[in-house]
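Please look through the sequence and the model below before reading the report. It is written for a reader who is new to protein structure and goes through a few chosen places one after another.

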Amino acid sequence: MKLFFLTYIPSVVFLSIFIFQDKELEESIKRGADIYTDFCVNCHMSKGEGVTNTFPPLANSDYLLKKREESIRGIKYGQQGPIVVNGINYNGTMAPMGLADEEIADVMNYILHSWGNKSDKTVTPEEVAAISKE
Amino acid sequence: MKYSILLLSFTLLTMNLSCAQSTDNKIDTPTEVPFSTELIIDELQIPWGMAFLPDDSMLITEKSGELIHFKDGKKSTVSNVPAVYVRGQGGLLDIALHPDYKNNGWIYMSFSSEGGAEKGGNTTLVRAKLDNNSLTNSEVLYKATPNTTKGQHFGSRIVFDNEGYLYFSIGDRGDRDINPQDISRDGGKIYRLHDDGSIPEDNPFVSQEGAKKAIFSYGHRNPQGLIKNPVTGTIWEHEHGPQGGDEINIIEKGKNYGWPLVTYGINYSGTSITDSTEMKGTEQPIYYWVPSIAPSGMTFVTSDKYPDWKNNLLIGSLKFQYLERLVLKDNKVVKREKLMTDIGRVRDVRQAPNGYIYVAVEGKGIYKLIPN
């Protein structure tokens, strides 16, 4: 029982803080989930696991989690050429998908908060707008 | 004992017979192939469709919206191409020549376009002529409505049959519960028109009130393969299933191909779409893939250049990145073979008038298969 309160209460408290403070993030993640089913799932799959040697994973992807700017750039303008994700080489093509900056922010927030992925900074449309083609 | 063995073998036999298809999943990878490949056009992004002009030059659509003319070993960009709505799977898609191109010069193209009341885009069919590396006389023959910002399933393959009818496909546009089974709506259909875009009087739904009169068949998900069987003259189609359940169908007038009422596939999330794989009033595919190969492009081999492949089907796999050869017998697939392993996402495959087979691969370009 004690253990129950020790774990349950703090997690409820934590969750509510999280939800109230980040209502906007929650909304963005929700919209991002729809974008993901529309535009990404056929390659990166429903649990972000990708397809071995063909489509890199997004779940626990060191690329996504460490190279935030490059990831946004890839989704915005397309991504082609050799990259390494979790130690595996990929050399494929992700065509530009024609998404608006808000939509890219939403789908980034979704993939950064799904399948065990975590990120402390919400992606905003302004951040996406500021990223240029290189 | 004897009796029970007999019974057992009988049961096994009937089980086998009642199976819709017995060659699931089995694909051979030959150690030796009767051809080598030559990359004749390089540095293409997503070459979606190809057409072969009488002067031996080629037209290639790039999904991004460029039309490329490849002549005498050089690429040039054709101007005056209609504005395309590049979003998700949409863009500049298929291209086909009129069967009498030599005399009338008509080129047919499909793409996703904006325009109209709603936000977003939908599949459009145009015809135009090529003059001095520019498109002229451009006419919109069909524009699907309503527009939507969904990124999926534009379909878009174009083919002519022996009577001169033009067929093209439009996918369900990501609205599977609304579009494919409703003949008053666009999407999830194969369409049939005359070459000038007018609607044939004997189309199946011309006298049905409220129906889109260009519809020839319905209940499709996302057809990215549409060709004429050169032996029978019938129209063959393939379409992407959800997760599993890609299909090859023979298209018949007014028929319902079942999506999403019946499918051999499941949702990407792993949940089921329907329990049914068969239903009265819907057509069965002649072949289905589990798992999905994500088929795009298709051709029958008829030329003498590849004698062992006569009347075989070649189909591109986007997902597993190879070219699939299917041997048919009585409209059943009896053998599958994996060619060009790991070549890249195969978007289109065609047999050119010169008899050679050309394969369009994303991120690479156009390969020619040269017989040994």
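At 30% relative accessibility, Lys335(B) counts as partly exposed, a label used for values between the limits of buried (under 20% relative accessible area) and exposed (over 50%), computed with a 1.4 Å probe on protein chains only. Its side chain meets that of Asp28(B) in a salt bridge, with 2.9 Å from N to O; a salt bridge here is a side-chain nitrogen of Lys or Arg within 4 Å of a carboxyl oxygen of Asp or Glu. This pair links distant parts of the chain, 307 residues apart, since Lys335(B) belongs to strand S21 (residues 332–339) of chain B, while Asp28(B) sits in the loop between helix H1 (2–18) and strand S1 (35–42) of chain B. Helices (H or I, at least four residues) and strands (E, at least two) are DSSP runs, numbered from the N terminus. Asp28(B) is partly exposed as well, with a relative accessible area of 26%.

The model is predicted, and local features need pLDDT of at least 70, side-chain atom pairs count only at pLDDT 80 or more, and totals for chains, interfaces and linings use all residues. Residues are numbered from 1 along each chain as its sequence is written, chains are lettered from A and ligands numbered from 1 in the order in which they are written, and side-chain values use heavy atoms, with hydrogens and water left out.

Over all chains, the structure holds 25 salt bridges, and the table gives three of them.

| Salt bridge | N to O distance | Relative accessibility |
|---|---|---|
| Lys335(B) and Asp28(B) | 2.9 Å | Lys335(B) 30%, Asp28(B) 26% |
| Arg192(B) and Asp202(B) | 3.1 Å | Arg192(B) 5%, Asp202(B) 36% |
| Glu27(A) and Lys30(A) | 3.9 Å | Glu27(A) 34%, Lys30(A) 56% |

In the pair of Arg192(B) and Asp202(B), Arg192(B) lies in strand S12 (residues 189–193) of chain B and Asp202(B) in the loop between S12 and strand S13 (215–218) of chain B, so the salt bridge ties together parts that are ten residues apart in sequence. Arg192(B) is buried, whereas Asp202(B) is partly exposed. Glu27(A) and Lys30(A), by contrast, both lie in helix H2 of chain A, three residues apart, which is about one turn of the helix.

Which residue is buried yet has no salt bridge? Lys63(B) fits this description, and the nearest side chain of opposite charge, Glu362(B), is 8.2 Å away, where Lys and Arg count as positive and Asp and Glu as negative, and His and the chain ends are not counted. Lys63(B) lies in the loop between strand S3 (58–62) and strand S4 (67–71) of chain B. Leaving aside neighbours within four places in sequence, its contacts (heavy atoms within 4.5 Å) include Pro96(A), Trp48(B) and Leu93(B).

Strands S3 and S4 of chain B also belong to an open sheet of four strands in the order S2-S3-S4-S5, with antiparallel pairing; two strands pair if DSSP finds at least two bridges between them. The edge strands, S2 (47–52) and S5 (74–78) of chain B, each pair on one side only. S4(B) and S5(B) pair over five bridges, and they form a hairpin with two residues between them, where Asp72(B) in the turn has a positive phi of about 50°. Across this pairing, His69(B) has Ser76(B) as its bridge partner, and Phe70(B) stands opposite Lys75(B).
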